[in-house]
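Biologist: Could you take me to one spot in this model and look at it closely? Once we have that, work outwards so I can see what surrounds it.

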Amino acid sequence: MVIDDPTVKAEVEAAFRAYEVALTTNDVATLEALFRDDPRTIRYGIGENLYGMDAIRAFRRARSPVGLERVLARTEITTYGRDFATAMTLFTRDNAPGKTGRQSQTWVRFPEGWRVVAAHVSVIAAD
């Protein structure tokens, strides 16, 4: 198995960037498109545990678009073979001083492209 094939890694990095732009601009349609539309897709958030794309979709559509801007740090994207990747990052927000967020995503390549099948977001007190 090839880990971090440059072509595959560039594809996942592009998908991750598209997700980040969609998240911070509240582009719900793109956020929904980047998650696998499947009842087995999971997103654990800061205050919610979402099982299945229907729950994720409902959360995204109801979320306030205020205060979504953030600064990323230590983003690590690793690809395993041609069809599986993880993306991990830390983030801070001006509206949450003294806290650091953590985000992990599991990406899988499907015929329609790269999709998140599992995600986890949490916040801790800053170091």
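Modeller: Let's start at Arg57, which sits in helix α3. Keep in mind that this is a predicted model. Is Arg57 buried or exposed? Its relative accessible area is 16%, and the cut-off for buried is under 20%, so Arg57 counts as buried. As for its partners, once you set aside the neighbours within four places in sequence, Arg57 is in contact with Glu32 and Asp37.

Now step over to Phe35. With the neighbours within four places again left out, its contact list includes three residues from the stretch 53 to 60, namely Met53, Ile56 and Arg60. Further along the chain, Phe35 also touches Arg115, Val116 and Ala119. The rest of its list is Tyr19, Thr41 and Arg43.

Phe35 also takes us into the middle of things. The largest nonpolar core has 21 residues, and Phe35 is one of those with the most contacts inside it, along with Val12, Tyr19, Trp107 and Trp114. Which elements give two or more residues to this core? They are α1 (6–24), α2 (28–34), α3 (53–62), β4 (84–92) and β6 (113–125). So the helix that holds Arg57 is on that list too, as α3. The biggest contribution comes from α1, with 7 residues. As a general point, nonpolar side chains in soluble globular proteins tend to be buried together.

For a view of the core from β4, try Ala87, which lies in that strand. At a relative accessible area of 1%, Ala87 is buried. Beyond its sequence neighbours within four places, Ala87 is in contact with Phe16, Gln103, Ser104, Gln105 and Trp107, and with Glu76 and Ile77 as well. Trp107 is a name you have just met, among the core residues with the most contacts. Ala87 and Glu76 are 11 residues apart in sequence, and their C-alpha atoms are 5.7 Å apart in space.

Back to arginines for a moment, since Arg57 has some interesting company. Where is Arg70? It is in the loop between α3 and β3, and at 12% relative accessibility it counts as buried. Its contacts, neighbours within four places aside, include Tyr19, Glu20, Leu23 and Thr24 on one stretch of the chain, and Phe91, Thr92 and Arg93 on another. Gln103 completes that list, and Gln103 is also a contact of Ala87. Tyr19 turns up again here as well, touching Arg70 as well as Phe35. Phe16, for its part, is 54 residues from Arg70 in sequence, with 14 Å between their C-alpha atoms.

Arg74 is another story. It is in strand β3 (residues 71–80), and with a relative accessible area of 65% it is exposed. Arg74 also has a positive phi of about 55°, although it is not a glycine. Most residues other than glycine have a negative phi. Asn26 is a second case, with phi near 55°. You'll find Asn26 in the loop between α1 and α2, partly exposed at a relative accessible area of 23%.

One more stop, down at the start of the chain. Val2 is in the segment before α1, and it touches Thr79, Tyr80 and Gly81, not counting residues up to four places away. Val2 and Gly81 are 79 residues apart along the chain, yet their C-alpha atoms are separated by 5.0 Å.

Now zoom out to the whole chain. It has 3 helices and 6 strands, running α-α-β-β-α-β-β-β-β from the N terminus. The radius of gyration is 14 Å, close to the 14 Å that the globule rule gives for 127 residues, so the chain is as compact as a globular protein of that length. The C-alpha trace spans about 40 × 35 × 20 Å along its principal axes. Buried residues, Arg57 among them, make up 39% of the chain. Of the contacts between residues at least 6 apart in sequence, 50% join residues at least 24 apart. On the outside, the accessible surface comes to about 7,000 Å², with 56% of it belonging to carbon and sulfur atoms. Finally, there are 17 positive and 17 negative charges, and their mean positions are 3 Å apart.

Methods: Residues are numbered from 1 along each chain as its sequence is written. This is a predicted model: local features need pLDDT of at least 70, side-chain atom pairs count only at pLDDT 80 or more; totals for chains, interfaces and linings use all residues. Side-chain values use heavy atoms; hydrogens and water are left out. Helices (H or I, at least four residues) and strands (E, at least two) are DSSP runs, numbered from the N terminus. The radius of gyration is taken over C-alpha atoms; the globule rule is 2.2 Å times the number of residues to the power 0.38. Buried means under 20% relative accessible area, exposed over 50%, partly exposed in between (1.4 Å probe, protein chains only). Contact means heavy atoms within 4.5 Å. Accessible areas come from the Shrake-Rupley method with a 1.4 Å probe; for residues, only the protein chains shown count as cover. Lys and Arg count as positive and Asp and Glu as negative; His and the chain ends are not counted. The place of a charge is taken as NZ of Lys, CZ of Arg, CG of Asp or CD of Glu. A nonpolar core is a set of buried Ala, Val, Leu, Ile, Met, Phe, Trp, Tyr and Cys residues joined through side-chain atoms within 4.5 Å.
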